[in-house]
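Biologist: Hi! Could you walk me through the pockets in this one?

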Amino acid sequence: MSVNKLLLHLTARGGKKDELVSALPDLSRSLCAGLPNGARATTLVARDDDPMRMTGTGRPTRAFDATLEIRLSESDAGNNLARAVRDLGPRLESRIHADSSAILVGENNVFVSCDPTPIRYQYCMRRRADFSPAAYLARYGEVHSAFGIKTRGIAGYTQFHVDAEASRQAAEASGFGIGEVSSVSELHLRSLKEFFVETNWNRSLGAQEDEDQFVDRANSIMWLSDAAARL
């Protein structure tokens, strides 16, 4: 797998979300400085009034409070990535719960490209136990991608394929607790109104029924974020 993206999904301590968000631009610059030239960062802030914050089975849940996406300029960040995130959890401990925050490393796969949009839907997906990581990603990328491509009301569609071993190493280096997500589906949205007007059509595609075949939907979570800053 080509490693070209890092996702930090951050769980803020109680009452610390605004403080965490205000610290993310400096964190973005610090992380990018430790990576090969050309690394780019996007800060995403989870919506508090989010009608889509739920598990894959529709049960309400708490999502992450902010996401820091780092697009890597080289396909193999290697030791540069480990150095950049080392002890990141302890460095942020006054603002986040590191044990319930996630650090994910893997490959960005763009199926519908677009210019940057103001809203992003993220869906952290976990594989069913009867699928190996390789079989899961093959099913997700080769079959399930058809549903995302057909989805109406979106500007772009990306699959982030998580490298389990690289994520485990990053979690160990950083002190973060979660690295076991299998993939992240991302829908890039221009507006919620544009997306929701197509709700009935999108449900008719049968994406959820397809997910039942390979995704542990009860332990997968989805939410909406606003793009707050880009570096």
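Modeller: Sure, here is a chat about the two pockets and what lines them. This is a predicted model, where local features need pLDDT of at least 70, side-chain atom pairs count only at pLDDT 80 or more, and totals for chains, interfaces and linings use all residues. Residues are numbered from 1 along each chain as its sequence is written, and side-chain values use heavy atoms, without hydrogens and water.

Biologist: How much space lies in the largest pocket?

Modeller: About 750 Å³. A pocket here is an open set of points on a 1 Å grid over the protein atoms alone, where a 1.4 Å probe fits, with protein on both sides within 12 Å along at least five of seven lines. Points are joined across faces, edges and corners, and the volume is the space filled by probe spheres set on them.

Biologist: Which residues lie nearest its centre?

Modeller: Met52, Tyr121, Phe195, Gln208 and Met222, out of 29 lining residues, meaning those with an atom within 4 Å of a point.

Biologist: And which element gives the most to that lining?

Modeller: α8, with four residues. Helices (H or I, at least four residues) and strands (E, at least two) are DSSP runs, numbered from the N terminus.

Biologist: OK, switching: what about the second largest pocket?

Modeller: That one holds about 390 Å³. Its lining has 23 residues, with Glu69, Arg71, Pro116, Arg120 and His188 nearest the centre.

Biologist: Which strand gives the most there?

Modeller: β2 (40–46), which supplies four residues to the lining of the second largest pocket.
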